[in-house]
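The following exercises concern metal coordination and ligand binding in a predicted model. Each task is followed by a solution in steps.

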Amino acid sequence: RDLANVYLSLKKLDWKILESIFKNMWDFEYVPSHAIIRETNLSEEELEAKLKKLASMRLVENKYTEYLGTAFTFKGLSVYSLKRLVAAGKVEQLGSLIGEGKESVVYTVISQGKEAVLKFHRVGYPSFKKVKEKRDYGTLHYTVLTVRSARREFQTLKRLYGHVSVPRPIAWEGNAVLMELIDAKELYKVKLENPEDVLEMIIEEVKKMYELGVVHGDLSQFNILVNEEGVYFIDFPQSMEVGEDGSEEILKRDVENVLKYFKKTYGIERDLKQTLEEIKKG
Ligand code: ATP
Ligand code: MN
Ligand code: MN
Ligand code: MN
């Protein structure tokens with residue numbers, strides 16, 4: 001799609017500039033042009049022209065104050081993260097768009113000869129218009145928040161994989177998390193023949209997660225996949241540690257979401273308090 005075309009149109013020098021923005025974005029909301037000049041040996045004029053071109057492609061957002069500064073857009077950060085995954089030999093080809101939510105854009109890709117899922121995070125991104133209106137976004141730029149969210153999801157998946165039914169994490173770069181493709185459908189899209197069994201399997205997974213010290217944080221019929229073989233949990237950026245402030249409330253909300261869905265859809269009654277006790281008793 002669009003991302004693939006953008007990717008292919010970028011030249012070596014463009015990648016160097018994006019790399020320099022990535023290296024410096026932790027320290028600057030808008031990376032000053034002199035920092036990029038130092039790393040690319042471009043002249044002021046050459047860099048400005050390049051940055052204008054990248055901005056017209058919506059990969060960066062430039063800002064003139066006392067100096068010229070630049071920041072990644074969601075698209076720019078995503079295409080650069082993809083580049084890193086390709087360079088690391090983790091991704092060979094971009095496939096199709098399979099999901100686009102508030103918080104992410106999800107593609108299929110070919111990774112080491114097999115189909116996989118690539119999720120680009122975009123937590124905290126204001127719209128393009130809002131970026132322009134809002135001069136000071138505070139000390140933590142949304143690009144940094146977004147990379148953190150991706151890292152959190154990757155690390156949680158690594159911790160859970162092998163114990164809890166989640167996609168196998170393959171790699172993480174920037175705002176992109178590469179993981180196993182699960183051939184299954186979202187719970188809300190399927191009509192279950194054995195809803196009691198499936199609910200039991202879900203509670204069992206929540207319990208295993210809890211034993212490993214993790215609370216999902218956004219569990220619902222939208223983030224549970226099901227197929228003939230079982231249930232899978234996805235979407236982990238808001239996961240919490242057991243014992244962390246507020247984690248008990250979040251666990252309760254997770255379980256309540258699931259119980260409400262099974263009551264509404266299948267008429268199954270299961271007591272929330274009792275279920276929570278069962279999860280925590282180990
Ligand atoms: P939301 O905005 O609903 O919270 P999200 O943007 O946080 O979603 P995910 O829920 O992780 O992102 O992924 C979006 C969609 O992409 C999922 O609902 C699912 O359909 C698909 N998807 C994500 N990961 C996988 C995977 N590993 N295997 C198969 N499909 C996946
Ligand atoms: Mn969500
Ligand atoms: Mn989701
Ligand atoms: Mn989500």
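**Exercise 1.** Determine how far apart the manganese ion (ligand 4) and the manganese ion (ligand 2) are, and identify the protein donors of ligand 4.

*Solution.*
1. The distance between the manganese ions ligand 4 and ligand 2 is 3.0 Å.
2. Protein donors of ligand 4 are the OE atom of Glu 103 and two OD entries of Asp 235, at 2.1 to 2.5 Å.
3. These two residues link distant parts of the chain, being 132 residues apart: Glu 103 belongs to the loop between β4 (93-100) and β5, and Asp 235 to the loop between β12 and β13.
4. Buried means under 20% relative accessible area, and exposed over 50%. Glu 103, at 32%, therefore counts as partly exposed, whereas Asp 235, at 13%, counts as buried.

**Exercise 2.** Establish which residues coordinate the manganese ion (ligand 3), and where in the chain they lie.

*Solution.*
1. Asn 223 contributes OD1 and Asp 235 contributes OD to the coordination of ligand 3, at 2.2 to 2.3 Å.
2. Asn 223 is in the loop between β10 (214-215) and β11 (224-227), and Asp 235 is in the loop between β12 (230-233) and β13 (240-241), so the pair ties together parts twelve residues apart in sequence.
3. The relative accessible area of Asn 223 is 8%, and this residue is buried.
4. Ligand 3 is separated from the manganese ion ligand 2 by 4.2 Å.

**Exercise 3.** Describe the surroundings of ligand 1 and state how much of its area the protein buries.

*Solution.*
1. Ligand 1 is surrounded by 19 residues, of which the closest are Glu 103, Ser 104, Lys 119, Glu 186 and Asp 235.
2. Two side chains approach oxygen atoms of ligand 1: a polar side-chain atom of Glu 186 at 2.5 Å, and an N or O atom of the Asp 235 side chain at 2.9 Å.
3. A nitrogen atom of ligand 1 lies 2.9 Å from a polar backbone atom of Glu 180.
4. Ligand 1 taken alone exposes 610 Å², and the protein buries 85% of that.
5. Ligand 1 sits in the largest pocket. The elements giving two or more residues to its shell are β5 (104-111), β6 (114-121) and β8 (176-180).

**Exercise 4.** Summarise the overall architecture of the protein chain.

*Solution.*
1. The chain contains ten helices and 13 strands.
2. Its C-alpha trace spans about 70 × 40 × 30 Å along the principal axes.
3. Of the 282 residues in the chain, 48% are buried.

Key:
Residues numbered from 1 in each chain as written. Chains lettered and ligands numbered in written order. Predicted model: local features only at pLDDT ≥ 70, side-chain atom pairs only at ≥ 80, totals over all residues. Heavy atoms only, no water. Donors = N, O, S within 2.8 Å, 3.2 Å for Na, K, Ca; no water. Helix = DSSP H or I, 4+ residues; strand = E, 2+ residues; numbered from the N terminus. Buried < 20%, exposed > 50% of the residue type's maximum accessible area, 1.4 Å probe, protein only. Near = heavy atom within 4 Å. Polar contact = N/O pair within 3.5 Å; in protein donor to acceptor, adjacent residues only side chain to side chain. Areas by Shrake-Rupley, 256 points an atom, 1.4 Å probe, with all protein chains shown as cover. 1 Å grid on protein atoms, 1.4 Å probe; cavity = no way out; pocket = protein on both sides within 12 Å on 5 of 7 lines; lining within 4 Å. Sits in = over half its atoms within 2 Å of the grid points.
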